[in-house]
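Hi,

Here is the structure I said I would pass on. Have a look at it first, and then read my notes below.

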Amino acid sequence: MHQHVPVPTVESSALPASAPATGPPDAERPDGGGRRSWPIPSRPPDTGLLTLLLAAVLWLYALPRIGFREMGDYGLLDQLPVAYYLSLLVLTAGFVLTLRRAGTAPWWPALHCAALLFALKAPPAILYDAVRYPWASKHDAVVNTLLANGELRPNAALSGNMSAYDQWPGFFTLDAGLVRAFGVESAAAYANWAPIVLGLLMMPVLVLLYRTFCQDWRLVWTAVWIFQLANWVGQDYFAPQGLAFLLHLTVVTVVLRHFVRPGSAGRLRDRAHLDPAAASVPPPTGHRQRAVCVVILAPLIAAINATHQLTPVMLCICLFALSLTRRYRNYGLLAVAVLLMLTWDLTMGRPLFVETLSTLKESIGELTQNSRAGYAGELTGPGPELAGTANVLMVLAVAALAGAALVLRRRLVRSALPLLLVSAAPIPLFAVNDYGGEMLFRVYLFGLPGAAFFAAAALVPSAAGSHHDRTRALRRGISAVALPAVLLVLLAGFMPSYYGKEKMYYTPPAETALVTRALDNAPDGSLILATTGSFPQALHRYDRIEHWFFAEQELPENQRMLKDPARYLADGIPPGTRAYVVLTRTQDIYTAGEGLLPAGGFETLRTKLSASPLFRTVESHDYGVVLEYRPAARGTTTTTR
């Protein structure tokens, strides 16, 4: 007897959820009867993928709507569409959600970190038709000069303090090769992509650094995320510092992972004495292994010395701090680093090195002076003032979070003590020199990797422990609220810190063309006068003409200069020198924002110089004016008096 066996439909099938449904749907039956039944996906789309796609759609929608050419007092902040800010919020939410599975799927937090870097710093690279940061054009000028002359002149007295770039040419020789390899006209073609490229190269180094002390992927990726948000300082642009910092961090990471002395870990080899999130101390290495590592690291250290004058000092200080610990007491590597630094400073870098030594008597111990930011003025204007306030608050926020970790995660801090020492090691440099008003930013930059790690440790609770432990449960509950809240606060601080002064950083192409024409037409040996060097092409042809940035001084002196600017400048021009004054829109914005000139001071300067018989107008536009000095008129004026 034939027994009818019912065939289960897709809905009633007993297949496990992960098994794919097979066979044609009911609608494909020859009789066309029955209702259509579609296969049910085995699992919903991943949250990380959804948030990345949604953020990308919002960001791409916002990109062409960014009004960078209409920037006002607040830079890009009020020119970024709502969709742009929403994309950052979606990325932050997606990152927090993917942290829950960071141990089994660490690629989702990694992709969110890379997406955050791109979302935050790619708009200028994509949109701008000029090099961001006008002063970055001098680095392009060095590359062009190197390609044109085919030689370095470390001992030449070049205008605008440009000799230092021939004394530390590593970055520029690399870029000269890239210009030739890419077949582009100059490095300006890719200069705006430097923050993204350096940021992407930095991420694996940071991960290796953090994994040296932590096995919790949640904490590691949170530290990388915080580093991205706290890296508002603007030292990753097209400049030697960004490359040198990457090499510096690479050397430090290798040392921390491969230079542990035998028998130095002590109780840290016992996990009972470690924080649940702490990684085991790296295996010890013998003298021969460390010697091999020194040989491998020596070219990297040499490259740092060839690239930047301050970074080798930072590296030596960090290695010295590590040598104070029992775990990393390796005097051989420290000696090699110091020897390479002194060898370079006393040969290629000797002129600037000797000059710096001569100024140390005045700067040592001047903590207030050495910790100032910029030249001498005070930030003025809504955007710059907001940016300055945000800078301070960001530093305090990261420092407070890192300080909280010192209390809340003492066992993790104990095992990660070398990272804490490396982060704090650059601080004493405040007592030595102001580095042209940049020391504050450089100390912050070199301390940021460690500070970001400990800040993340304060926000990410340990995953281990009993669910009945009320203290751990309370910390997890607080973290569930504090982590996203703090990340949003840091994001809110990054935006004005990075984009609040953007009006200073973008230059219309017409202004760049005006300056280029003026400097191309100036005869060799001419003197170019400008209020500041922070304008596009300011040091174009720096090997053939001289420069005087006459407003880069204390505000009271500039106020005296504005009473009779023509006479002030004429008195500073050497007899028999062809001189030209170049005043541009970017100089106006910069001198006002940085407080170098009083309100309306730049317009007063332009008006008085244009009306003076000592100067003849060569070219005048809304975005700039070029004036030629007429010494014959000075003699006539003197005779008339």
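A quick word on terms before anything else: a helix here is a DSSP run of H or I with at least four residues, and helices are numbered from the N terminus. Helix α22 covers residues 555-563, and R560 and E557 sit 3 residues apart in it, which means that about one helical turn separates them. Their side chains meet in a salt bridge, at 2.5 Å from N to O. E557 is partly exposed, with a relative accessible area of 24%. Please keep in mind that this is a predicted model.

**Salt bridges**

The search over the whole structure turned up 16 salt bridges. Besides the helical pair, one to pull up is R132 with E502, where the closest N and O atoms are 2.6 Å apart. This pair connects distant parts of the chain, 370 residues apart: R132 belongs to the loop between α3 and α4, and E502 to helix α20 (residues 502-505). Are these two buried or exposed? R132 counts as buried, at 6% relative accessibility, and E502 counts as buried too, at 0%. The cut-off behind that word is a relative accessible area under 20%.

While you are in the loop between α3 (107-127) and α4 (137-149), look at Y133, which lies there as well. Y133 has a positive phi of about 70° and is not a glycine. That caught my eye because most residues other than glycine have a negative phi. Y133 is buried, with a relative accessible area of 6%.

R541 is another case of this kind: its phi is positive, about 60°, and it is not a glycine either. You will find R541 in the loop between β1 (527-530) and β2 (546-549). At 16% relative accessibility, R541 counts as buried. It also takes part in a network of salt bridges that links D524, R541 and R544.

**The β4/β5 hairpin**

Next, go to strand β4 (residues 615-621) and strand β5 (residues 624-629), which pair in the antiparallel sense over 6 bridges. How many residues does the hairpin use to join β4 to β5? The connection runs through 2 residues. H621 stands opposite G624 in β5.

A salt bridge also spans these strands: R616 with E628, the closest N and O atoms being 2.5 Å apart. R616 lies in strand β4 and E628 in strand β5, so this contact ties together parts that are 12 residues apart in sequence. The two partners fall into separate accessibility classes: R616 is partly exposed, with a relative accessible area of 39%, whereas E628 is buried, at 14%.

**Surface patches**

There are two patches to colour in. In one, R267, R410, R411, R414 and R475 gather on the surface as a patch of positive charge. Which helix gives the most to this patch? Helix α16 (residues 410-415) does, with 3 residues. R267 comes from the loop between α9 (240-258) and α10 (287-307). R267 is exposed, with a relative accessible area of 59%.

The other patch is nonpolar: F118, I126, W193, V197 and L201 make a surface area of about 400 Å². The elements that give two or more residues to it are α3 and α7 (194-211). L201 is found in helix α7, and L201 is partly exposed, with a relative accessible area of 45%.

**One more contact across the sequence**

Finally, there is M348, placed in the loop between α12 (331-345) and α13 (350-363). At 22% relative accessibility, M348 counts as partly exposed. M348 and R153 are 195 residues apart along the chain, and 9.4 Å separates their C-alpha atoms.

If you open just one view, I would start with R132 and E502, the pair that links distant parts of the chain, and then step along to Y133 with its positive phi.

Cheers

How values were computed:
Residues are numbered from 1 along each chain as its sequence is written. This is a predicted model: local features need pLDDT of at least 70, side-chain atom pairs count only at pLDDT 80 or more; totals for chains, interfaces and linings use all residues. Side-chain values use heavy atoms; hydrogens and water are left out. Patches are made of residues with over 30% relative accessible area and no salt bridge: like charges are joined within 9 Å, nonpolar side chains (Val, Leu, Ile, Met, Phe, Trp, Tyr) within 5 Å. Accessible areas come from the Shrake-Rupley method with a 1.4 Å probe; for residues, only the protein chains shown count as cover. A salt bridge is a side-chain nitrogen of Lys or Arg within 4 Å of a carboxyl oxygen of Asp or Glu. Lys and Arg count as positive and Asp and Glu as negative; His and the chain ends are not counted. The place of a charge is taken as NZ of Lys, CZ of Arg, CG of Asp or CD of Glu. Buried means under 20% relative accessible area, exposed over 50%, partly exposed in between (1.4 Å probe, protein chains only). Two strands pair if DSSP finds at least two bridges between them.
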